[in-house]
Amino acid sequence: MTTSLADVASSDAALRAFLQGLPGVDRVGADQRAAMLGTRSIKTTAKAQAIDLAISMVDLTTLEGADTAGKVRAMCAKAVRPGGDAPSVAAVCVYPDLVPVAVEALRGTGIKVASVATAFPSGRTSLEVKVSDTALAVSAGADEIDMVIDRGAFLSGQYMKVYEEIVAVKAACGAAHLKVILETGELSTYDNVRRASWLAMLAGADFIKTSTGKVSPAATPPVTLIMLEAVRDFRDATGRQIGVKPAGGIRTTKDAIKNLVLVNETAGDDWLTPDWFRLGASSLLNDLLMQRQKLATGRYAGPDYFTLD
């Protein structure tokens, strides 16, 4: 990294040189380290603490064409009181037109309202539409915007176009936080995941997020590991801390705890808080609640004990 970070985005050539000059990812090493960390075992009290921490990091999400105001209100009620004395989740994530419903349902709870924008999940529309989409969600009360990058532009080497779109969307966010979705399942290589992570952070992302949840593979452990390394190295280089949000395919308590281990062992415990690490999920919460009850009572609840997400 010979180019000063202050000059990285001064031209297309400088940005390209910086991103292509990032150290390559050892694919075998990344896979092996993620697999090794995935074997770590957490028991009893520590496991109970990890489950509650994971619950507090969940972005409870519904992003379906059949979503209704009633479904969002029910999900918000569950976000506030997931079950028993379990902690509230971090945020509820919905489509922009349902932001007002979530804002009203969560008023005074401290739970954030997140909304996808910028032609989610494809990201294939004009910059004007992306900015307008973002501004409308923020004006409706969204605390956080989850934008998706133009993967076609990125993969064809149009790094400056992607950079400028992120900058413009960040400006439209105002005080709202911006999560930039890389859609890692479409980036083909681990080197591209590292480049896209740095590109998003340089452009002003508050969080980098793996996936829309609409493409497979999504939040694989090696990809999350690479993104955690990126935010760690970015903070070392700039002093600015960026959050990470794996999303898509995280369905079980075991998956969630593996992610917490990855955070602790890669970025460090500064990231072990909902302010800096989130779990994007729709079905994960019920499994966390079932495992929580198992630890407390010694038995699993029946399948109809918790509400469906």
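**Salt bridges and the surroundings of Glu183**

A count of 24 salt bridges is obtained, a salt bridge being a side-chain nitrogen of Lys or Arg within 4 Å of a carboxyl oxygen of Asp or Glu. The structure is a predicted model, in which local features need pLDDT of at least 70 and side-chain atom pairs count only at pLDDT 80 or more, whereas totals for chains, interfaces and linings use all residues. Residues are numbered from 1 along each chain as its sequence is written, and side-chain values use heavy atoms, with hydrogens and water left out.

Lys179 and Asp59 form one such pair, with an N to O distance of 3.4 Å. Because Lys179 belongs to strand E5 and Asp59 to strand E1 (residues 58-61), the pair ties together parts that are 120 residues apart in sequence. Helices (H or I, at least four residues) and strands (E, at least two) are DSSP runs, numbered from the N terminus. Both Lys179 and Asp59 are buried; this term denotes under 20% relative accessible area, exposed denotes over 50%, and partly exposed lies in between (1.4 Å probe, protein chains only). A network of salt bridges links Asp59 and Lys179 with Glu144, Asp146, Lys209, Lys245 and Arg278.

A salt bridge also joins Arg151 to Glu186, the closest N and O atoms being 2.8 Å apart. This pair links distant parts of the chain, with Arg151 in helix H7 (residues 151-155) and Glu186 in the loop between E5 and H9, 35 residues apart. Arg151 is buried at a relative accessible area of 7%, while Glu186 is partly exposed at 32%. In the pair formed by Lys71 and Asp67, the N to O distance is 3.3 Å; Lys71 is partly exposed at 33% relative accessibility, and Asp67 is buried at 12%.

Glu183 is located in the loop between strand E5 (177-181) and helix H9 (190-202). Glu183 is buried but has no salt bridge, the nearest side chain of opposite charge being that of Arg151, 4.2 Å away. For charge, Lys and Arg count as positive and Asp and Glu as negative; His and the chain ends are not counted. Beyond its neighbours within four places in sequence, Glu183 has contacts (heavy atoms within 4.5 Å) with Arg151, Lys209, Thr210, Ser211, Thr212 and Val215.

In helix H9, 12 of the 13 residues are buried, among them Tyr190, Arg194, Arg195 and Trp198. The end C-alpha atoms of H9 are 18 Å apart, in agreement with the 18 Å expected for 13 residues at 1.5 Å a residue; the expected span is 1.5 Å times one less than the number of residues. Just after H9, Gly204 adopts a positive phi of about 115°.
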